[in-house]
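Colleague: I have a structure open and would like to go through it with you. Could we take it one topic at a time?

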There are 2 protein chains.
Amino acid sequence: MLRHRCNVKKRGNMQGAVLRRGEMRVEEVPDPVPSEGQVLVRIRACGICGSDLHFADHGADVVAGHRLMEGLPPTETSRVDLNVGVFMGHEFCGEVVDKGPDTKAPPVGTLVTSVPILKATNGYVPIGYSNTVNGGYGEFLVLTSRFVLPVSNGLPASHAAFTEPLAVGLHAVNRAGIAPGTGALVMGAGPIGQAVLAVLAARHIEPIVAVDLSPARRDLALRMGAHGAIDPTCEPSFEAWRRIGGGGPVVAFEAVGRPGVLNEIMRTAPIRTTIIVVGVCSGPDSFVPRFGISKELDIRFAYTYDRSEFAESLGLIVDGKVDVAHLITGESSLEAIGQSFADLKNPEQHCKIMVVP
Amino acid sequence: MLRHRCNVKKRGNMQGAVLRRGEMRVEEVPDPVPSEGQVLVRIRACGICGSDLHFADHGADVVAGHRLMEGLPPTETSRVDLNVGVFMGHEFCGEVVDKGPDTKAPPVGTLVTSVPILKATNGYVPIGYSNTVNGGYGEFLVLTSRFVLPVSNGLPASHAAFTEPLAVGLHAVNRAGIAPGTGALVMGAGPIGQAVLAVLAARHIEPIVAVDLSPARRDLALRMGAHGAIDPTCEPSFEAWRRIGGGGPVVAFEAVGRPGVLNEIMRTAPIRTTIIVVGVCSGPDSFVPRFGISKELDIRFAYTYDRSEFAESLGLIVDGKVDVAHLITGESSLEAIGQSFADLKNPEQHCKIMVVP
């Protein structure tokens, strides 16, 4: 399918993956059509995020959690109806094929990525976890023209699609305010843990010690710049950090997102440690406040990034300061997305799978 | 009893309160004798801290919690043997009566207070929660001479004894890094919550909204400088904060120390709120990490103060910037200390009782 740059186009159908009753199904879905201020891209790669796996399995809990929360404007996630198909996919890279009326956009054929936020008629809405707004698991996607970033340097689309998870890691590192002289302990070496330690390495933090139960993920951590990678069942994490050269202050990153991990960090961390929670533990968790109080710990939750962090993340990949090639362990057709969701549950086998429609 | 300034003195006995099997008992205990670098004071007032009430009821849990914790040097608390008498009392003011050999000290008769840390032959040890080091619930106490601060301006001893809890509040406020332009919500208007809001008021923070179930404590909060004091069963706390004038950023202080309070703050706080946990919740607590993540909350635990904060706290009282008179709701003889521990459990009746031997 080759599209012309025209502002009025006939609406057709495309192939897109939709979450229905916990299963990813590929269906005919209406072609997204760019409005004013939007560009249409043909998806070249879209990474499968752990949050998508979690949403597929526990969507009802996620939606209920968002509905329970106050202090935020109602989010798209809190409005999701799980009885209707849900679009996901927020780590994408695509090629410009069209644009809306009166819209400035990069030339057709330009490879671009973008923060997953769409300027729609009803305001800004997230791309991903929506009944109405398309995500990256499809042939085409509309993006906000002023958010798109051209991908330079001949970078492969699958590498550019890693901009989003790397930005999550970069933001977590920024939340820590960490600088050389302070070491880091990264609990969990999944895609987000790897993103965190890659950014730490790019910023010359040392030592960086990764902690993961999986030998494959520990190997990957060493390739991404960790100075040590340990199995927490064999050696207490902070002891390993000291053995590997840590002596001064340390920032601990919780990138596991499972109950009990934060409390174990709190129990064993040195006095006045900063803990950055970037792993999304969806259910309730428990902890012993006295650990936090007696040691005056700081717990900072990290979630989103801003547009400048997203652009910096793309720059790290384009400039070769972070090599994401090691982290991309598989490629999947759109048709095989369900199997890829299943495959990603084995950390020995995979870290990040890119869906290439 | 009048003591002479002499460096060698005969050892006798004094009246002191000792915790035995959860009960405060007044016994004959050996007179403390000042070594080099120490001064002996006659206690004029010692405040009963909520932590002492908690330790009397749940000492075994507190000690077990300290023993479980890594990352701190072994604390006196982790070494306490509950089968032996325990000395408590760390909010004291006394009159200098003697000093150790080759020791610089204020003249006999000077009213002083001090951080509750004793320089002993085996290093620095806390005053309070010890089988061996005396606390403030007795006739006499040895202090570290270079830590003692003279109480000026004719301040009553009971007011000077409030220096310690006020320093806890001051440190919590310092941990928040709060400045005018940011408002505060203080959950819990016990002695520590009152100390927090008194310091906030002295620093011209507004609005300050206190939250407590007790009408008496809400009245007290208004007297100490809160712009509003609300019953959380009648109005959601952050809504009240907005109604009372809050609009911009807010720091929430958790000064209740009961399970569930932190999670409710996390659930209802606006995005990017800083939460200072200064209430000591001793048992395990539970929370929903997603609340913290989605809103990128900062949770900072506050516990100790440093010597300059302690001195600043005394200065706030001496200079009349914080009037602690409202907070001192009772005075107790040493003999009646057990009854005072019981009386303090009723927030309608009491906020702070000073033991005056």
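Modeller: We can begin with the contact between the chains and then turn to details within a chain. Please keep in mind that this is a predicted model.

Colleague: How many residues does each chain bring to the contact?

Modeller: Chain A contributes 46 residues, and chain B contributes 46 residues as well.

Colleague: And what area is buried between chain A and chain B?

Modeller: About 4000 Å² is buried between the two chains, and carbon and sulfur atoms give 60% of that area. On the side of chain A, the residues that lose the most area to chain B are A:Arg290, A:Ile293 and A:Phe301, which together account for 20% of what that side buries.

Colleague: Why quote an area at all for an interface?

Modeller: The accessible area lost when the parts come together is often used to give the size of an interface.

Colleague: What about charges: how many salt bridges are there between chain A and chain B?

Modeller: The count between these chains is 4 salt bridges. One of them joins A:Glu70 to B:Arg267, with the closest N and O atoms 3.1 Å apart. As for polar contacts, 27 residue pairs are found across the interface of chain A and chain B.

Colleague: Which helices and strands of chain A each supply at least two residues to the side that touches chain B?

Modeller: The helices are H1 (50-68), H4 (163-176), H8 (261-268) and H9 (289-294), and the strands are E15 (285-287) and E16 (298-301). Helix H9 of chain A gives the most to that side, with 6 residues. By residue kind, the side of chain A that touches chain B divides into 23 nonpolar, 13 polar and 10 charged residues.

Colleague: You listed strand E15 of chain A. In which sense does it pair with strand E15 of chain B, parallel or antiparallel?

Modeller: The two strands pair in the antiparallel sense, over 3 bridges. Within this pairing, A:Asp285 has B:Phe287 as its bridge partner.

Colleague: What rotation superposes chain A on chain B?

Modeller: A rotation of 180 degrees does so, with 0.0 Å of shift along its axis and an RMSD of 0.0 Å. That is the relation of a two-fold axis. In chain A, the C-alpha nearest the axis belongs to A:Ser286, at 2.0 Å from it.

Colleague: Why can one say that the copies meet through the same surface?

Modeller: The reason is that 100% of the interface residues of chain A are also interface residues in chain B.

Colleague: Let us change topic. How do strands E1 and E2 of chain A pair?

Modeller: Strand E1 (residues 13-20) and strand E2 (residues 23-30) of chain A pair in the antiparallel sense over 8 bridges. A:Asn13 stands opposite A:Pro30 in strand E2 of chain A. This hairpin has 2 residues between the strands, and A:Arg21 takes a positive phi there, near 50 degrees.

Colleague: Is a positive phi common or uncommon outside glycine?

Modeller: Most residues other than glycine have a negative phi, and most peptide bonds are trans. A:Arg272 also has a positive phi, of about 60 degrees, although it is not a glycine. A:Arg272 lies in the loop between helix H8 and strand E14 (274-277) of chain A.

Colleague: And the peptide bond from A:Glu206 to A:Pro207, is that cis or trans?

Modeller: That bond is cis, with omega near -10 degrees. A:Pro207 is found in the loop between helix H5 (191-202) and strand E11 (208-211) of chain A. In chain B, the bond from B:Glu206 to B:Pro207 is cis, with omega near -5 degrees.

Colleague: Finally, how many salt bridges are there over all chains?

Modeller: The count comes to 24. In one salt bridge, A:Lys352 meets A:Glu91, with the closest N and O atoms 2.8 Å apart. A:Lys352 lies in strand E18 and A:Glu91 in strand E4 of chain A, so the pair ties together parts that are 261 residues apart in sequence.

Note on methods:
Residues numbered from 1 in each chain as written. Chains lettered and ligands numbered in written order. Predicted model: local features only at pLDDT ≥ 70, side-chain atom pairs only at ≥ 80, totals over all residues. Heavy atoms only, no water. Contact = heavy atoms within 4.5 Å. Buried area = accessible area lost by both parts, 1.4 Å probe. Salt bridge = Lys/Arg side-chain N within 4 Å of Asp/Glu carboxyl O. Polar contact = N/O pair within 3.5 Å; in protein donor to acceptor, adjacent residues only side chain to side chain. Helix = DSSP H or I, 4+ residues; strand = E, 2+ residues; numbered from the N terminus. Nonpolar A, V, L, I, M, F, W, Y, C, P; charged D, E, K, R; others polar. Pairing = 2+ DSSP bridges. Least-squares fit on C-alpha atoms with pLDDT ≥ 70 in both.
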